[in-house]
Amino acid sequence: MLQLHLDARLHDLPLHTATLDVNQLGQTAIDLFANQPRLPGIVLCRDRQFIGIVSRQAFFEGMSRRYGQDLYSRRPLQVFHTCNPTPALVLTADTPIATAANQTLQRPLEQAYEPIAVQLSPNSYQLLSARDLLLAHTEIHRLTATQLREQSDRLTQTVNSLQQTQTQLIQAEKMSALGQMVAGIAHEINNPISFVYGNVDHAQKYSRDLMTLIQLYQRHYPEPNREIQAAIEEIDLDFLIADLDKTLNSMHLGASRVREIVRSLRTFSRLDEAQTKAVSLHDGIDSTLLILRSRLREQRDRPEIQIHKHYGEIPRIECYAGQINQVFLNLLSNAIDAIEARYQQDALLEPQIEIRTELQIAPGQPPRVAVYIIDNGIGMSSEVRQRLFTPFFTTKPVGQGTGLGLAISYPIVVEKHGGRIRCESEPGVGTEFCLEIPVALPAKAEVAV
Ligand SMILES: Nc1ncnc2c1ncn2[C@@H]1O[C@H](COP(=O)(O)OP(=O)(O)O)[C@@H](O)[C@H]1O
Ligand SMILES: [Mg+2]
């Protein structure tokens, strides 16, 4: 097989050398054709000057006519050439193959398969068979098509990766702005709430002491003077005593809730993004659930979404915690959306999301933690599943979906953490996402950041 390139010319093809002087006898040509069965023809010259060609086919046609053999074999080739002139297509050796093929095919039909005389230098000619030329032309066509396809594949890849990078940049920017804001608010709330939380305890103790003191007074001075008596009635002392402790208790509860929320916001926003840290994925999931609390609650048009946690024994994970939390947020928000979509069609649905974690140890593989997020939402078709991670792919109404959640999650898990995301889903039944994250960050992922 010939090794051709797109720019190939006639001198790159197999050329045949067979030149005879017109004064040589016809028999010489017969011998030449007999000895070289693949020879397509002969170049004829006189005193080393090119005068034409005789193709194998034309030569044997002439010979096979009546008396042809007798007539031509013992006479100079000049006789044959005069009686059977063949118009020759002469091309220079640097003619491009496509041009040569065009010219060859433009000849009259009966000459279409005649060999072509290729001029190498002013007095040197070789022959090229039309078949070899056309084969080469076809090959170049194929090469061109392949190259075009490769180029267009490369372009598509470039566009895709540009789109992916842009998405990541936009999202990273948004996340870092959001993370900073959340962290800022959490920090600002943290101090005042610590005062409240820390002092409610004292306030509770002081108020109990005061109550004890009042009760002592009441016991020892059962008949207070009129002014005190009036004040006791005015403030409804019995009710106040009963209620004060309850009030302080609920303040205590409220303050500790706020403290918990602040802690979760800080876990979630993790401003240590540029650094990896060994963190508990369970904390990450819990803080994400807390952020989503208002969405999980009972709504006007649907019941509360139950969360079933089955947390396994898993070690801390070395990761970019803020980003992994972002992945949990994306997966859990999608699960909520899917459940809401299904509830519209099936009002008997008991909405639930199951979160399962486990340590996976397989021989020859680094240990991984798997996190399953399983919803009983609307599910998805295999067409949707195939396009899940494509940037801007969404099936949600304008304004609700951006199609970025999973497109961002994928590189975070796969490229940054050397993990995997798998998804199984059945329309009308639900969806299961599984994240697998190596316990230790692979060396390569660390460099790629
Ligand atoms: N848990 C799920 N159940 C059903 N469909 C899902 C689920 N998660 C993702 N999808 C599908 O994948 C699409 C892309 O998700 P995502 O990248 O988060 O973008 P968005 O949520 O903005 O649409 C969604 O529009 C939805 O069709
Ligand atoms: Mg989403």
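**View 1. Leu-91 and its bridge partner in β5.** Zoom in on Leu-91 in this predicted model, and you'll find Val-118 as its bridge partner in β5. Strand β5 covers residues 116-121 and runs parallel to β4, with three bridges joining the two. Step back a little and you get an open sheet of three strands, ordered β4-β5-β6, with mixed pairing. The edges are β4 (90-92) and β6 (124-128), each of which pairs on one side only. On average, neighbouring strands here are turned by 35 degrees against each other, if you ignore direction.

**View 2. Leu-435, with a bridge on either strand.** Here the residue to follow is Leu-435 in β13, which stands opposite Val-371 and is also the bridge partner of Ile-421. The strands behind the first of these pairs are β11 (residues 368-375) and β13 (residues 430-438), which pair in the antiparallel sense over eight bridges. For the second pair, look to β12 (residues 420-426), antiparallel to β13 and joined to it by seven bridges. As a general rule, side chains in a regular strand alternate between the two faces of the sheet.

**View 3. The turn between β12 and β13.** These two strands make a hairpin, and three residues sit between them. Keep an eye on Gly-428 in that turn: its phi is positive, at about 80 degrees.

**View 4. The shell around ligand 1.** Which residues come nearest to ligand 1? Out of the 23 around it, they are Asn-334, Ala-338, Thr-394, Gly-401 and Gly-405. Two helices, α11 (321-345) and α13 (405-416), each supply at least two residues of the shell. The largest share comes from α11, with four residues. As for chemistry, the shell splits into ten nonpolar, eleven polar and two charged residues.

**View 5. Where domain 2 touches domain 3.** The domain assignment splits the protein into domain 1 (10-128), domain 2 (162-269) and domain 3 (272-449). Taken over C-alpha atoms, the centres of domain 2 and domain 3 are separated by 34 Å. Their contact takes 13 residues from domain 2 and 15 residues from domain 3. On the domain 2 side, α6 (130-220) and α8 (237-269) are the elements that give two or more residues. Which of them gives the most? That's α6, with eight residues. What kind of residues make up this side of domain 2? Ten are polar and three nonpolar, with no charged ones.

Note on methods:
Residues are numbered from 1 along each chain as its sequence is written. Chains are lettered from A and ligands numbered from 1 in the order in which they are written. This is a predicted model: local features need pLDDT of at least 70, side-chain atom pairs count only at pLDDT 80 or more; totals for chains, interfaces and linings use all residues. A residue is near a molecule or strand if its C-beta atom, placed from the backbone, lies within 6 Å of it. Ala, Val, Leu, Ile, Met, Phe, Trp, Tyr, Cys and Pro count as nonpolar, Asp, Glu, Lys and Arg as charged, and the others, Gly among them, as polar. Two strands pair if DSSP finds at least two bridges between them. Axes are lines fitted to C-alpha atoms, for helices over the stretch in contact, and angles run from 0 to 180 degrees between N-to-C directions. Domain bounds come from an automatic or database domain assignment. Two residues are in contact if their C-beta atoms, placed from the backbone, lie within 7 Å.
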